[in-house]
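Work through the following exercises with the sequence and the model open side by side. Each task is followed by a solution in steps.

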Amino acid sequence: MVHPDQTCGVPERRVADSLALIRDTIQYITDRNIRDALVCLDQEKAFDRVSPEFMERVLQGFGLGERFCNYVKILYTDIFSLVMVNGWKTDPFPIRSEVRQCCPLSPSLFVLVIELLAEYIRKNPNIRGIPTPGDTKKEVKCALYMDDVTLFCADGKSVHSLLEACKDFDKASGAKINVDKSKAKLFGRWDLCTEPLPFTIEAGLVKILGIWFRGPGAAAKSWNERLVKVKQKLGFWSLRHLSIEGKALVLTNDALPVLQYVTQAWSLLANVARAVNSMVFHFVWH
């Protein structure tokens, strides 16, 4: 049901697939000096804005069956909320449009909404992506992880067609792209005077899914940010009187995942390995 571009919430797919696609495509267009605009779309209050009625039609369109659709519909019918102030709860009040535009969607259902947007973009002939090596009939257009939508647009016309496609989708679904927070990274020659773009233009490295890309310093910057986080975590745990087993548990469950995430995009650097060894040694043995 869900295109391979979307790697969140689908069995046997990982965020590493999205990171590798973005990394390798950037390397490909950089090496060959291919003209491209990498666009990172920002969803405005992604989970709150989508219309429940639209969500219901999406589920039916994907053929998920009447029983499943009814279960979801129940979750969004006659719902209410409470506010806690200084430990006291207010009376229940219904969720209406003046409080919030619609009911909050669960992440796994929102994947289908984003998939519909991506499919609309993929099939738009005015949005040109990057031809894949060896098969010019195929294009790289989208890299998706939940509501993080990264797009490769070959020219200014494609960027403006993308914006129009997002506006059409907004009218249908209630979702909205935050143009001011969406960013674009340009590759090759661009004349912004003759081809103005509606998004913020990134001058240096660009951060996607928590990893820095574009340029020789991207890997080092990604690793250094993670080293700072690990140092903070180990500094906090050092205040506790932990056993050796407790410290091993902290390293395995709290520190290692922070570093492991970067390895899905960038190889471990020698200076990073030395820094990690030093931090671990001092954490364990003081």
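**Exercise 1. Place V276 and state its surroundings.**

Step 1. V276 sits in helix α9; helices (H or I, at least four residues) and strands (E, at least two) are DSSP runs, numbered from the N terminus. The model is a predicted one, in which local features need pLDDT of at least 70, side-chain atom pairs count only at pLDDT 80 or more, and totals for chains, interfaces and linings use all residues. Residues are numbered from 1 along each chain as its sequence is written, and side-chain values use heavy atoms, with hydrogens and water left out.

Step 2. The relative accessible area of V276 is 19%, so the residue is buried (buried means under 20% relative accessible area, exposed over 50%, partly exposed in between, with a 1.4 Å probe and protein chains only).

Step 3. Not counting residues up to four places away in sequence, V276 touches L227 and L259, where contact means heavy atoms within 4.5 Å.

Step 4. A255 is 21 residues from V276 along the chain, and their C-alpha atoms are separated by 10.0 Å.

**Exercise 2. Describe how α8 packs with α9.**

Step 1. Two packed helices are described by the angle between their axes and the distance between the axes. Axes here are lines fitted to C-alpha atoms, for helices over the stretch in contact, and angles run from 0 to 180 degrees between N-to-C directions.

Step 2. For α8 (residues 244-262) and α9 (residues 270-285), the axes come within 10 Å and cross at roughly 155 degrees. The two helices are therefore roughly antiparallel to each other (angles under 35 degrees count as roughly parallel, over 145 as roughly antiparallel, 65 to 115 as roughly perpendicular and the rest as oblique).

Step 3. The contact is formed by I244, K247, V250, L251 and L259 from α8 together with V276, V280, F283, V284 and W285 from α9.

Step 4. By type, the residues of the contact of α8 with α9 are 9 nonpolar, no polar and 1 charged. Ala, Val, Leu, Ile, Met, Phe, Trp, Tyr, Cys and Pro count as nonpolar, Asp, Glu, Lys and Arg as charged, and the others, Gly among them, as polar.

**Exercise 3. Repeat the analysis for α7 and α8.**

Step 1. Helix α7 (residues 218-238) packs with α8 at an angle of about 170 degrees, and their axes are 9 Å apart. That makes α7 roughly antiparallel to α8.

Step 2. On the α7 side, the contact residues are S222, W223, R226, L227, K229, V230, K233, L234 and W237; on the α8 side, they are V250, L251, D254, A255, V258, L259, Y261 and V262.

Step 3. The residues of the contact of α7 with α8 divide into 12 nonpolar, 1 polar and 4 charged.

**Exercise 4. Which residues touch the most other members of the largest nonpolar core?**

Step 1. A nonpolar core is a set of buried Ala, Val, Leu, Ile, Met, Phe, Trp, Tyr and Cys residues joined through side-chain atoms within 4.5 Å. The largest one has 44 residues, and V39, L41, L151 and L162 touch the most other members.

Step 2. Elements that give two or more residues to this core include β1 (36-41), β9 (148-153) and α6 (156-173). Its largest share, 9 residues, comes from α5.

Step 3. Another core, of 39 residues, lies apart from it, with L19, V206, W212 and L234 among its members.

Step 4. V39 has contacts with V149, T150, L151, C153, L162, K183, A184 and F199, not counting residues up to four places away in sequence.

Step 5. T150, in strand β9, is buried, with a relative accessible area of 3%. With the sequence neighbours up to four places away not counted, T150 touches I22, L38, V39, C40, K141, C142, A143 and I208.

**Exercise 5. Compare E12 and L209: is each buried or exposed?**

Step 1. Phi of E12 is near 70 degrees, a positive value in a residue other than glycine. Phi of L209 is also positive, near 55 degrees.

Step 2. E12 lies in the segment before α1 (15-31), whereas L209 is in the loop between β12 (206-208) and β13 (211-213).

Step 3. E12 is exposed, with a relative accessible area of 85%; L209, at 17% relative accessibility, counts as buried.
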